[in-house]
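Here is a short tour of one part of this fold, written for reading alongside the model. Have the viewer open and follow the strands as they come up.

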Amino acid sequence: MKKLVVMVAFLAGTSLTVMAQSAEEILDKSIQARGGAEKLNSLKSLRMEGTVSVMGMEIPTKSVIVHRRGMRNEMEAMGQSIIMAIDGEKGWMINPMAGPEPTPLPEEQLKASVSQLDLSGITNYKTSGTQTELLGKETLDGTEVYKVKMVSKDGMSMTHSIDAKNFNIIRTAIKVNVGGQDVEVETKMSDYKVFDGIAFPTTTEINNPQAGVIMTKITKVEVNPSIDESVFVMPKK
């Protein structure tokens, strides 16, 4: 009996060690699946075009992002432009349905969007102070996935579901605070395609408990284009 207890304790300790090592192994394979750390760290800007499906409408959309600097998204709906932009640590939007003037982004929306400015994604998690944990395996929409939790240095928690075969991230769940309540915003990613040696998910589906489901299909991606950064600055009223 004593030997059995010792053996169980040993196996439990070994299991925890394997889990800790496997989280890093899985993340490293996911980075490699997208093109590798060197290629991802060379990503300084993006220009994308596509369509957004929301409330039964197909809306054309265009986005530009400069790594760790800013982003701007424009949608054309019913002949009017809806603009959302981030300028460093600030954000703003123009929604013609609420008026023609630019207004600051709500703090919760800004926090949820600002992570998109890091075009390297999870690539530099080891040097950024991010904690990782392998939560185990499960089946998601018929696909076997590893669930890896990542907690950034500033406390933001996200859980990635990573395809066990090709190591693409197919779902990310991020906890954010909206109106004083903690909610989980889920993003599903699929249809990975390679542009300039980097794999991008060309279909994303965001499920926000307060905003509903928003699906985006990307039809065009330009890697490292020249972008006029003045487009991120909020127009004067």
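Strands E3 and E4 pair in the antiparallel sense, joined by eight bridges. This is a predicted model, so please read what follows in that light. Within this pairing, methionine 71 has isoleucine 86 of E4 as its bridge partner. E3 covers residues 70-77 and E4 covers residues 80-87.

E3 also has a partner in strand E2, residues 57-66: these two run antiparallel and are joined by six bridges. Here serine 63 stands opposite asparagine 73 of E3. How enclosed is E3 by the rest of the structure? Largely so, because six of its eight residues are buried.

Both pairings are hairpins, and the table sets their turns next to each other.

| Hairpin | Residues between the strands | Turn residue with positive phi |
|---|---|---|
| E2 and E3 | three residues | arginine 68, about 55° |
| E3 and E4 | two residues | methionine 78, near 55° |

Now take a closer look at methionine 78, which sits in the loop between E3 and E4. Is this residue buried or exposed? Methionine 78 is exposed, because its relative accessible area is 64%, and the cut-off for exposed is over 50%. On the surface, Met78 joins Met55, Met57 and Met97 in making a nonpolar patch of about 520 Å².

So the picture around E3 has two sides: the strand itself is largely enclosed, with six of eight residues buried, while methionine 78, in the loop that leads on to E4, is exposed and contributes to a nonpolar surface patch.

How values were computed:
Residues numbered from 1 in each chain as written. Predicted model: local features only at pLDDT ≥ 70, side-chain atom pairs only at ≥ 80, totals over all residues. Heavy atoms only, no water. Patch = residues over 30% accessible without salt bridge, like charges linked within 9 Å, V, L, I, M, F, W, Y side chains within 5 Å. Areas by Shrake-Rupley, 256 points an atom, 1.4 Å probe, with all protein chains shown as cover. Salt bridge = Lys/Arg side-chain N within 4 Å of Asp/Glu carboxyl O. Helix = DSSP H or I, 4+ residues; strand = E, 2+ residues; numbered from the N terminus. Buried < 20%, exposed > 50% of the residue type's maximum accessible area, 1.4 Å probe, protein only. Pairing = 2+ DSSP bridges.
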